[in-house]
Amino acid sequence: MQTSTRDRIVVAASRLLQRQGYVGTGIKQIAQEAQATLGSVYHFFPGGKEAVAVAAIKHGTEEFATLLRKALDSDDDPAEAVMVCARQLADELRESGWIDGCPVTAAALETLGTDSEIQQACADALRGWEQLVRDKLLGCGFPSQSARELATTVISALEGAEVTAQVNRSEEPLQVVGRQLARLVRSYEV
């Protein structure tokens with residue numbers, strides 16, 4: 001099945017934003033990476049670079065949500081499932097040569113303090129990932145407030161560990177965080 005031009009643009013922009021951030025990614029580079037004309041990019045995204053970036057962030061958000069769902073569904077024990085997620089993130093990061101980290105981190109940090117659609121897409125991503133973790137915990141019988149707070153802690157810790165792993169070119173931060181998050185989740189288990 002052939003990928004549509006629009007989809008190629010979104011996927012290329014997602015990878016570039018993930019690796020270079022919003023500021024470091026140009027619209028011409030997106031077109032080139034997508035093997036599309038600049039006219040095609042503007043045809044599908046009349047709002048220009050910001051519109052492409054929002055679509056790319058949403059794409060990256062769903063890719064990570066798929067990984068997260070798979071990890072959370074891999075084990076009935078939520079502590080083990082969180083460790084699986086940390087291991088998968090470490091494996092994927094290592095396999096990418098330490099360049100394919102979180103799909104929203106760079107764009108989120110570059111647009112802090114703005115009321116842009118990019119910042120909103122990043123915030124929506126983090127909330128959505130927290131909801132997936134919260135749903136897992138609620139399904140395991142955790143009280144609502146504990147599930148909410150643990151979900152925020154899990155996503156925040158994984159985000160920080162992923163950046164640290166990238167900077168240090170090491171799986172260790174994600175492995176350590178996975179183990180410690182599992183210990184934390186177990187301390188709440190009902």
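A salt bridge here is a side-chain nitrogen of Lys or Arg within 4 Å of a carboxyl oxygen of Asp or Glu. I start there because that cut-off decides which of the pairs I show count as salt bridges. The model is a predicted one.

By that criterion the structure holds seven salt bridges. I will go through three of them.

The first pair is Glu171 and Arg94, with the closest N and O atoms 2.4 Å apart. Glu171 sits in the loop between H8 and H9, while Arg94 belongs to helix H5, so this bridge ties together parts that are 77 residues apart in sequence. Is Glu171 buried or exposed? Glu171 is buried, at 18% relative accessible area. The limit for buried is under 20%. Arg94, at 34% relative accessibility, is partly exposed.

The second pair is Glu63 with Arg15, where the closest N and O atoms are 2.7 Å apart. This pair also links distant parts of the chain: Glu63 is in helix H4, residues 49–73, and Arg15 is in helix H1, 48 residues apart. Both partners are partly exposed, Glu63 with a relative accessible area of 34% and Arg15 with 25%.

The third pair stays within one helix. Arg127 and Asp124 form a salt bridge at 2.5 Å, N to O. They are three residues apart in helix H7, so about one helical turn separates them. As background, an α-helix has 3.6 residues a turn, so residues three or four places apart point the same way. Arg127 is partly exposed, with a relative accessible area of 47%, and Asp124 is partly exposed at 38%. One more item on salt bridges: Asp91, Arg94 and Glu171 are joined into one network by bridges that share partners.

Next, helix H5, since Arg94 lies in it. H5 has 18 residues and reaches 26 Å from its first C-alpha to its last, close to the 26 Å expected at 1.5 Å a residue. At its start, a side-chain oxygen of Asp77 comes to within 3.0 Å of the backbone nitrogen of Ala79. After the helix comes Gly97, which has a positive phi, near 75 degrees. Which residues of H5 are buried? They are Pro78, Ala79, Ala81, Val82, Met83, Val84, Cys85, Ala86, Leu89, Ala90 and Leu93. What covers them includes H4, H7, H8 and H9.

That brings me to H9, residues 172–188. This helix has 17 residues and spans 25 Å between its first and last C-alpha, close to the expected 24 Å. Its buried residues are Pro173, Leu174, Val177, Gly178, Leu181, Ala182 and Val185. Why do I say they line one face? Viewed down the axis of H9, the buried residues fall within an arc of 160 degrees, so they line one face of the helix. The face turned away from that buried side carries the exposed residues Glu172, Arg183 and Ser187. As for what the buried residues of H9 pack against, the partners are helix H5 (78–95), helix H7 (117–139) and helix H8 (144–168).

Now the N-terminal part, where there are two annotations from UniProt, both from an unreviewed entry. The record gives "domain: HTH tetR-type" for residues 3–63. In the model, that span is 74% helix and 0% strand, and its end C-alpha atoms lie 16 Å apart. The record also lists a "DNA-binding region" at residues 26–45. That stretch is 70% helix and 0% strand, with its end C-alpha atoms 14 Å apart.

One residue from this part of the chain is worth a slide. Where is Thr25? Thr25 is in the loop between helix H1 (5–20) and helix H2 (27–33). Its relative accessible area is 2%, so Thr25 is buried. The side chain of Thr25 makes a polar contact with the side chain of Gln20, at 3.4 Å. Leaving out residues up to four places away in sequence, Thr25 touches Leu16, Leu17, Gln20, Ile30 and Lys49.

To recap the salt bridges, Glu171 with Arg94 ties a loop to helix H5, so parts 77 residues apart in sequence are tied together. Glu63 with Arg15 links H4 and H1. Arg127 and Asp124 are both in helix H7. That is what I have.

Terms used: Residues are numbered from 1 along each chain as its sequence is written. This is a predicted model: local features need pLDDT of at least 70, side-chain atom pairs count only at pLDDT 80 or more; totals for chains, interfaces and linings use all residues. Side-chain values use heavy atoms; hydrogens and water are left out. UniProt positions are given in the numbering used here, feature names are shortened, and annotations may be inferred rather than shown by experiment. Helices (H or I, at least four residues) and strands (E, at least two) are DSSP runs, numbered from the N terminus. The expected span of a helix is 1.5 Å times one less than its number of residues. Buried means under 20% relative accessible area, exposed over 50%, partly exposed in between (1.4 Å probe, protein chains only). The arc is that of the directions from the helix axis to the C-beta atoms. Contact means heavy atoms within 4.5 Å. A polar contact is a pair of N or O atoms within 3.5 Å; within protein, one must be able to donate a hydrogen and the other to accept it, and residues adjacent in sequence count only if both atoms are side-chain atoms.
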